[in-house]
Amino acid sequence: RNKIEGQNLGTDNVSVIEGEMATISCRVKNNDDSVIQLLNPNRQTIYFRDVRPLKDSRFQLVNFSDNELRVSLSNVSLSDEGRYVCQLYTDPPQEAYADITVLVPPGSPIMDSQEDVVSEGNETELTCTAMGSKPAASIRWMKGEQELTGKMTVDETYDGMFTVTSRLRLTVSKEDDGAPVSCIIDHPAVKDLRAQRYLEVLYQPEVKIVQAFPEGLTREGENLELTCIAKGKPQPHQISWLRVDDDVPSHTVITGSDLFIENLNKSYNGTYRCVASNAVGEAYDDYILFVYDSRAGDGAPQKIDHAVIGGVVAVVMFAILCALIVLGRYFARHKGTYFTHEAKGADDAADADTAIINAEGGHNNTEEKKEYYI
């Protein structure tokens, strides 16, 4: 409220929403028993002191004293808008002015679109209209949490009301599918007035090939199973397989989005393509097949196995070699002992039998064979 002051008289401007209540207060600082009265914009007396000469029961006395005349006006309409006069009968008379501004909120916003469904990459136009407000409303746009700027036009109607229209042009992508777009009405007579709709965007398929089998390398003699995953809006109506620069193997089995090749061999090497299409367009994904030898391993894990086996073999060979060395030394020692005994018995023997007999009793013969040197 803007405060307006005279010498001794004061009042305030009032803004009120249509249909609600306005209060006008005429205040006197130092009253010397002068008469206070309130006049309407046509300068007709509404209240003279505490008496209401005007036959409009919407005006009611709220407070009357030497320092204030306060009057309420219920069910305010546009025709009540204007400048009201607080008058103090002094010499000369004093006046203060209270402007009543009637606010008219707009109706519910009307939101419309150029088309219900739009393809990705294309531009669409949304319109939002706020009708019958006073003063003119302003319109903001939001897409999710992002604020957008529209082009606004304001038209004044014959009865002093305003109709506001905002147009938003928007280029859409597939990420916009399902995104909420809101038009928000800003007006002093209303809060949180908005309309909302969700974008529906058509987009071409997204395609991805997944190797369902085998999990590791594709080796000769094994089977291959590929699955083509395609998503779009609308859903792809056609999925096809082909081999780039060559024909698919003759015994390939294609079932919808699945491709199956039995008993792989290296002649099947090449690029296999899945193509998916819908009303918006088509897209594809490629899979490069390389068939390895049937003995091909997975690299490092196999090398570790060979190392372990080699180590075990080395340990076993070392153990066998040690055993042979020990046995050889054992047999060599015993063979030497036999020949020594045989030699001892043969020194004095006339023939072989006598030598064996002498060897068995070698200790006695040894004593007998002692020689002395002087």
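## A walk through a strand-rich chain

Strands β21 and β24 run antiparallel to each other and pair over four bridges. Within this pairing, E225 has F260 of β24 as its bridge partner. That is a good place to enter this structure, which is a predicted model.

Start with β24 itself. This strand covers residues 258–261. In a regular strand, side chains alternate between the two faces of the sheet. The two faces of β24 can be told apart: L259 and I261 make up the covered face, while D258 and F260 lie on the uncovered one. So the bridge partner of E225 belongs to the uncovered face of β24.

Now step to the neighbouring strand. β23 and β24 are antiparallel and share three bridges. Here F260 appears again, with V253 standing opposite. The two strands form a hairpin with two residues between them. In this hairpin, G256 adopts a positive phi near 60°.

Pull back to the sheet that holds these strands. It is an open sheet of five strands, and the pairing is mixed. Read across, the order is β12-β20-β21-β24-β23. Which strands form the edges? They are β12, residues 118–119, and β23, residues 253–255, and each of them pairs on one side only.

On the other side of β21 from β24 in that order comes β20. Strand β20 spans residues 201–213, and β21 spans residues 224–233. They pair in the antiparallel sense, with eight bridges between them. One residue pair to find on screen is K208 with I229, its bridge partner in β21.

Strand β21 also carries one end of a disulfide. C228 bonds to C274, with the sulfur atoms 1.8 Å apart. C228 sits in β21 and C274 in β25, residues 270–277, so this bond ties together parts that are 46 residues apart in sequence. The torsion about the S-S bond is about -80°, so the disulfide is left-handed. Both C228 and C274 are buried.

How many disulfides does the structure hold? There are three. Another joins C26 to C86, with an S to S distance of 1.9 Å. C26 lies in strand β4, residues 22–28, and C86 lies in strand β9, residues 82–88. The two cysteines are 60 residues apart, so this pair links distant parts of the chain. Its S-S torsion is about -75°, so the link between C26 and C86 is left-handed. C26 and C86 are both buried.

The remaining link joins C128 to C183, S to S 2.0 Å. This disulfide is right-handed, with 50° about the S-S bond. It too connects distant parts of the chain: C128 is in strand β13, residues 123–133, and C183 is in strand β18, residues 180–187, 55 residues away. C128 is buried, at 0% relative accessibility. C183 is buried as well, with a relative accessible area of 0%.

The bonding pattern is simple to write down. Number the bonded cysteines in sequence order, and the pairing reads 1-2, 3-4, 5-6. For another cysteine, look at C322. Its relative accessible area is 31%, so C322 counts as partly exposed.

Aromatic rings come next. The whole structure contains two aromatic pairs. One of them is F290 with Y292: the ring centres are 4.8 Å apart and the planes stand at 75°, so the pair is edge-to-face. Is this pair buried or exposed? F290 is partly exposed, at 46% relative accessible area. Y292 is also partly exposed, at 32%. A charge meets a ring elsewhere: the charged end of R273 sits over the ring of Y284, 4.0 Å from the ring centre.

Finally, take in the chain as a whole. The protein chain has three helices and 26 strands. Of its 374 residues, 33% are buried. Its accessible surface is about 23100 Å², and carbon and sulfur atoms account for 51% of that. Consider contacts between residues at least 6 apart in sequence: 59% of these join residues at least 24 apart.

Definitions and conventions. Residues are numbered from 1 along each chain as its sequence is written. This is a predicted model: local features need pLDDT of at least 70, side-chain atom pairs count only at pLDDT 80 or more; totals for chains, interfaces and linings use all residues. Side-chain values use heavy atoms; hydrogens and water are left out. Two strands pair if DSSP finds at least two bridges between them. Buried means under 20% relative accessible area, exposed over 50%, partly exposed in between (1.4 Å probe, protein chains only). Contact means heavy atoms within 4.5 Å. Accessible areas come from the Shrake-Rupley method with a 1.4 Å probe; for residues, only the protein chains shown count as cover. Rings of Phe, Tyr and Trp (its six-membered ring) pair if their centres lie within 6.5 Å; planes under 30 degrees apart count as stacked, over 60 as edge-to-face and the rest as tilted. A charge sits over a ring if NZ of Lys or CZ of Arg is within 6 Å of the ring centre and within 35 degrees of the ring normal. A disulfide is a pair of cysteine sulfur atoms within 2.5 Å.
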